[in-house]
Each structure stands twice: as structure tokens, then as C-alpha cells.
Amino acid sequence: MAKYILYGGQLSYFTGKARAYLNWKGVDYEERLATRDIYASTIIPRIGYPMIPLLITPDDEAIQDTTEIIDYFEAREPASSVIPTGAKQRLAAHLLELFGDEWLVIPAMHYRWAHNRDFAYSEFGKITAPELVGDAQFEAGKKAAEKFQGVVAVLGATPEMAPAIEESYEALLDELNAHFSVHPYLFGSRPSIGDFGLVGPLYAHLYRDPASGDLMKSRAPEVAKWVERMQSPPEPKGGAFLANDEIPETLLPVLRRMMREQGPCLVNLVEQLSAWKQANPGTDIPRMIGMQPFTVEGKTAQRIVLPYTQWMLQHATDYFASLEGDARDAVVGLLESIGGEWLTDLDIPAPVKRENHKLVWA
Ligand SMILES: N[C@@H](CCC(=O)N[C@@H](CS)C(=O)NCC(=O)O)C(=O)O
């Protein structure tokens, strides 16, 4: 039988997330480098725009988007699920996937482009121009990296924010280090969608980029070991989530950080997207719709507003809306304890969904 093919690269945030998941799920797949030729011959023709990772199934279905890749396998193999069944654990797992996917891009981009620039150029060279060598490959990498470098500042990783971003990231490393010195994964001995979300930034940019890897290994060795477990799982499809829907105490500081930093931006995104829809009837949803303020460790700047982020948020809010009785009460209690009360009565006037690799109004 034909294998699954994952097009991506070691330097890519979201390929790291997909690879970690496929390895844990024991999927028989082959990873292929997304070279310039692959973008032209396969990625753009199949999904309409240049983005990785792209998974091609044995039935020749193309799936771009790591959350959709995970959903695809979870539906086929629910027995070894990375989605916890306990209400608090599941809601927290959705939130931490959202945090990893859509927020930790700020420290990831900052550290790559402020502290690992030449390494990144040479890695971009290897992926886009494998036929070249030496300086020619490095220059090709520099050119290919321009697109990614160009968005670093609008994502919020500006030179003015650098000290605050580093302060926050180092504190996050300390929090995660304390957690992973007690638990192998976020919610016990089985990784969850939250673990896969976090390993996106914490593998390619913050572990594999050399200066960032040195920082992680010296300051937070338990986090580095978790990254290694995530990429090469010692027990694929094994382990279990903690009993009684327990949220470990050591995770609370991480959840509070997420709510403190990302929470206000999520509320603002929902408002902006609703206003945008009203102002632009019948228009396709663009990739970005405006700017918003964000605050990290007391410092404020502006960053872009991405409608896609609301789709990730809706995984948490849709799940919350499905809860009743004790399960709902337990989740409300958790949200109150982490500064996430806003989520309990959040109204999303302009919900979105994904269809054929595009975001559309739901
Ligand atoms: N939400 C997507 C994000 C994928 C993504 O941003 N991939 C990056 C590389 S790690 C990319 O190809 N970016 C190109 C772009 O943003 O135009 C996913 O989960 O797969």
C-alpha cells in the first residue's frame, strides 16, 4: 500500500508538530523535503498557496494544516487518542494547542531571527536550493527567508519588544521545566493536542536552532528532554492521561501566562473579525484583517490580526458550549483559576470554518 507522504522540513515550525504527531500515532509515512520544485509541482497546485506541512494520503487526498492532519487520523484511530476525554483536560489541551500554534510564534520568530540568523539562512538554502552548495546555497537561502523574515515584526517580534519577549519566554521555560520534571507530557504519560501545539515552536526554532537550543538545554533541560520525546516517542500510542480529569498544579502558571498574554488578543480578534465581516459583506476572508495591541511582561506593541486564529479558538469555545452539568462547572472553575472567565460567556458573532484549504464563514 502507498505510504503517507509529509512534505515539510526540519526548520519548519508546523512540520515539527505534524512529525511529532505522526511518529506518536505510528503512521507509516515518508517525510520529503519541500524544495522549491516541490512547492511548484505539488504544494501550490494541490492547495493553491505555498504552505507546509502538506500531507498526501495513500488515497491522494491533500491535507494542509496540522490540526486537520491530527483530526484526520484521530477520526480513523480513536482508540489511541491525543484528545483527552476529561472536560478540563480537553479544554486545557485545546487552549495550549492554540497557545503553541498562534502565540509562541512570537518568541520563536524573535529567537530565530535575532540569535540564529546565519543558521536559518543556511537551512533555508538547503531546503529551497538543494542542488546548490556553499555561498550560492546560502544566498539562495537568504532570498527564500525574506518572506518569513518580513513578517517577524508584524507578528510582534520587534527589537523594542525583544527584552520583554525574552523575559516571558525564559519564565515559560522555567514553568515548563518544573512541569516536565514531574510529568512526561502535559496531562500525564500520553501526549495531547496541547503537547503537539507546543512542540511546533519548541522544536524547530527553540530547540533545533543552535543558540536557542543551548538556552533550552542549559536553562530547562526537562523541556529539552520532552522535545526529544515528542520527536522520537519512546512509547508510540502508549501512556494515559492523568486519572480523574486532573490538571496538574504545575500547568497552572503556563495556562495563566496564556490567558494573560494571548487572552486579550483573542477577545479583540473576535470583535475585529465581526466588525470586518459587517463592513465587507460577501468578501472572501483575507489572511489578515488589521492590527491589535498586545502586551508581554508590561510592554505593549502592535501585531497583526489573523482570522485563522479564531478557527483555533473555536475548537475550545465549541467544546465548552457542548458541556453541561458537572463537566461545565468543572471547566468554569478551571477557567476562573487561570484568568480565563472571559471564555465562559464569549460570543463569536462571525464564526469561521475551513473548506478546501480555505477559511470561510461558518
Ligand atoms: N495552521 C497551519 C500553519 C502552517 C504554517 O504557517 N506553515 C509555515 C511553515 S512552518 C508556512 O509554510 N508559512 C508560509 C506562509 O505563512 O505563507 C498549520 O497548522 O499547518
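Q: Let's start with H12 and H13: why do they count as oblique to each other?
A: The general idea is to take the angle between the two axes and see which class it falls in. Angles under 35 degrees are roughly parallel and 65 to 115 roughly perpendicular, so a value between those two classes is oblique. In this predicted model, helix H12 (residues 252-261) and helix H13 (residues 263-279) pack at about 40°, with their axes 3 Å apart, and they are therefore oblique.

Q: Which residues make that contact?
A: H12 brings Met258, Met259, Arg260 and Glu261, while H13 brings Gly263, Pro264, Cys265 and Leu266. By class, five of the contact residues are nonpolar, one is polar and two are charged.

Q: What about H4 and H14: parallel or antiparallel?
A: Same reading, but at the other end of the scale: over 145 degrees counts as roughly antiparallel. The axes of H4 (residues 87-102) and H14 (residues 307-321) cross at roughly 175° and come within 9 Å, so this pair is roughly antiparallel. Among the residues that meet are Leu91, Leu95 and Leu98 in H4 and Met312, Leu313 and Phe320 in H14. The contact divides into 10 nonpolar, three polar and four charged residues.

Q: Tyr308 is in that H14 list too. Which residues come nearest to the ligand?
A: Start with the shell, then look for polar pairs. Of 14 residues around the ligand, the nearest are Ile52, Gln64, Thr66, Arg287 and Tyr308. A side-chain N or O atom of Tyr308 is 3.0 Å from a ligand nitrogen. Ligand oxygen atoms pair up as well: one is 2.9 Å from a side-chain N or O of Gln64, and one is 2.8 Å from a polar side-chain atom of Arg287.

Q: How much of the ligand does the protein bury?
A: The ligand taken alone exposes 510 Å², and the protein buries 86% of that. Helix H1 (13-24) and helix H7 (134-150) are the elements giving two or more residues to the shell. The shell has eight nonpolar, three polar and three charged residues.

Q: What backbone feature sits right after Ile52?
A: Most peptide bonds are trans, and most residues other than glycine have a negative phi, so exceptions deserve a look. The bond from Ile52 to Pro53 is cis, with omega near 5°. Pro53 itself is in the loop between helix H2 (36-47) and strand S3 (54-56).

Q: And what is phi at Asp65?
A: Near 115°, a positive value in a non-glycine residue. Asp65 is in the loop between strand S4 (62-64) and helix H3 (66-76).

Note on methods:
Residues are numbered from 1 along each chain as its sequence is written. This is a predicted model: local features need pLDDT of at least 70, side-chain atom pairs count only at pLDDT 80 or more; totals for chains, interfaces and linings use all residues. Side-chain values use heavy atoms; hydrogens and water are left out. Axes are lines fitted to C-alpha atoms, for helices over the stretch in contact, and angles run from 0 to 180 degrees between N-to-C directions. Helices (H or I, at least four residues) and strands (E, at least two) are DSSP runs, numbered from the N terminus. Contact means heavy atoms within 4.5 Å. Ala, Val, Leu, Ile, Met, Phe, Trp, Tyr, Cys and Pro count as nonpolar, Asp, Glu, Lys and Arg as charged, and the others, Gly among them, as polar. A residue is near a molecule or strand if one of its heavy atoms lies within 4 Å of it. A polar contact is a pair of N or O atoms within 3.5 Å; within protein, one must be able to donate a hydrogen and the other to accept it, and residues adjacent in sequence count only if both atoms are side-chain atoms. Accessible areas come from the Shrake-Rupley method with a 1.4 Å probe; for residues, only the protein chains shown count as cover.
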